[in-house]
Amino acid sequence: MTTSPEICRRRNKEHSMFERHHTQETKDKMSKAHKEQIPWNKGLKGYNSGKKNPMFGMCGEKHWNFGKHWDKKVRQKISDSLKWLVGENNPRFGKHLSKETKEKIGIANSGKLLGERNPMWRGGISHLPYPFVFNKELKRLIRRRDGNQCRNPKCEGIFSFLTPHHINYNKNDCRPLNLITLCNVCNSKANYHREEWKRLYHKIVSRLSTKHFTRMNYLWGSKWNQAL
Ligand SMILES: [Zn+2]
């Protein structure tokens, strides 16, 4: 957490150092003392991580706090101590990350949640081969039908990379009615709350003009029958 003077003032007007400053002499003393200290975690790579952590596997009923509740006084205390963070008092109030910053964060985080590291990992099913009808030609037709844009009405348009999404999550079901164009951000969002997205996208696609479907069904009809 940052400790800009502004935030300190908000947080603790009663703080003994409130609006006071250390002398240069004291600062030098502290600096010297800190230099001689050995960090407690020096050389302890992975200390307490994973199974070594005493809290490993302590979820649900095993957790020491399971089923227990803070009493009212404690809850009030916690609530009071956090009040300075609410609304206008919050240092982030009214501020938003710029598009550029969001992209930077996105790039920095990309790959961190890939594969088995992702909590949504389902044993590698995303690497199963797509049926052959799901090729470039079909993808192009779906994109064209959807006007070359992400079809999620709540799309934030951060990335422009478009990809066809299987509405019922069945990769073998490549009927145009089951495909919708999404940007990569909306596509990853569709991995959560699956039922809601299914309903929404199904509604959107079923409202689309039928002329594209006729052409696509004509082009791909026979191959679908083989693939399904
Ligand atoms: Zn989108």
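**Exercise 1. Determine where confidence in the protein is lowest and where it is highest.**

Solution. The model is predicted; local features require pLDDT of at least 70 and side-chain atom pairs pLDDT 80 or more, whereas totals for chains, interfaces and linings use all residues. Residues are numbered from 1 along each chain as its sequence is written.

Step 1. The score to consult is pLDDT, the predictor's confidence in each residue, from 0 to 100. Helices (H or I, at least four residues) and strands (E, at least two) are DSSP runs, numbered from the N terminus.

Step 2. The lowest confidence in the protein belongs to helix 1 (residues 5-11), with a mean of 51, and the highest to strand 2, with 91.

Step 3. In residues 222-228 the pLDDT is below 50; beyond near neighbours in sequence, this stretch has 10 contacts in the model. A contact requires that the C-beta atoms of two residues, placed from the backbone, lie within 7 Å. Where pLDDT is low, the predicted coordinates should not be read in detail.

Step 4. For the protein, the mean pLDDT is 76, and 73% of residues reach 70 or more.

**Exercise 2. Describe the order of the elements in the protein and the pairing of its strands.**

Solution. Step 1. The protein has eight helices and two strands, arranged from the N terminus as α-α-α-α-α-β-β-α-α-α.

Step 2. Strand 1 and strand 2 run antiparallel and are joined by five bridges; strands pair if DSSP finds at least two bridges between them. Pro 164 has Thr 181, in strand 2, as its bridge partner.

**Exercise 3. Establish how strand 2 is enclosed and what it gives to the largest nonpolar core.**

Solution. Step 1. A residue is buried if 20 or more other C-beta atoms lie within 10 Å of its own, exposed if 12 or fewer, and partly exposed in between, with C-beta atoms placed from the backbone.

Step 2. Because five of the five residues of strand 2 are buried, this strand is largely enclosed by the rest of the structure. Leu 179, Thr 181 and Cys 183 cover one side, Ile 180 and Leu 182 the other.

Step 3. A nonpolar core is a set of buried Ala, Val, Leu, Ile, Met, Phe, Trp, Tyr and Cys residues joined through C-beta atoms within 7 Å. The largest has 15 residues, and Ile 180 and Leu 182 have the most contacts inside it. Helix 5, strand 2 and helix 7 (194-207) each supply at least two residues of this core; strand 2 gives the most, four.

Step 4. Leaving aside neighbours within four places in sequence, the contacts of Ile 180 include His 165, Tyr 201, Ile 204 and Val 205.

**Exercise 4. Contrast the burial of helix 5 with that of helix 2.**

Solution. Step 1. In helix 5 (residues 136-145), the buried residues are Leu 138, Ile 142 and Arg 145. Seen down the helix axis, they fall within an arc of 60°, so they line one face of helix 5; the arc is that of the directions from the axis to the C-beta atoms.

Step 2. The face turned away from this buried side carries the exposed residues Lys 136, Glu 137 and Arg 140. Gly 147, with a positive phi near 70°, follows helix 5.

Step 3. In helix 2, the number of buried residues among its 13 is zero, so this helix lies largely in the open.
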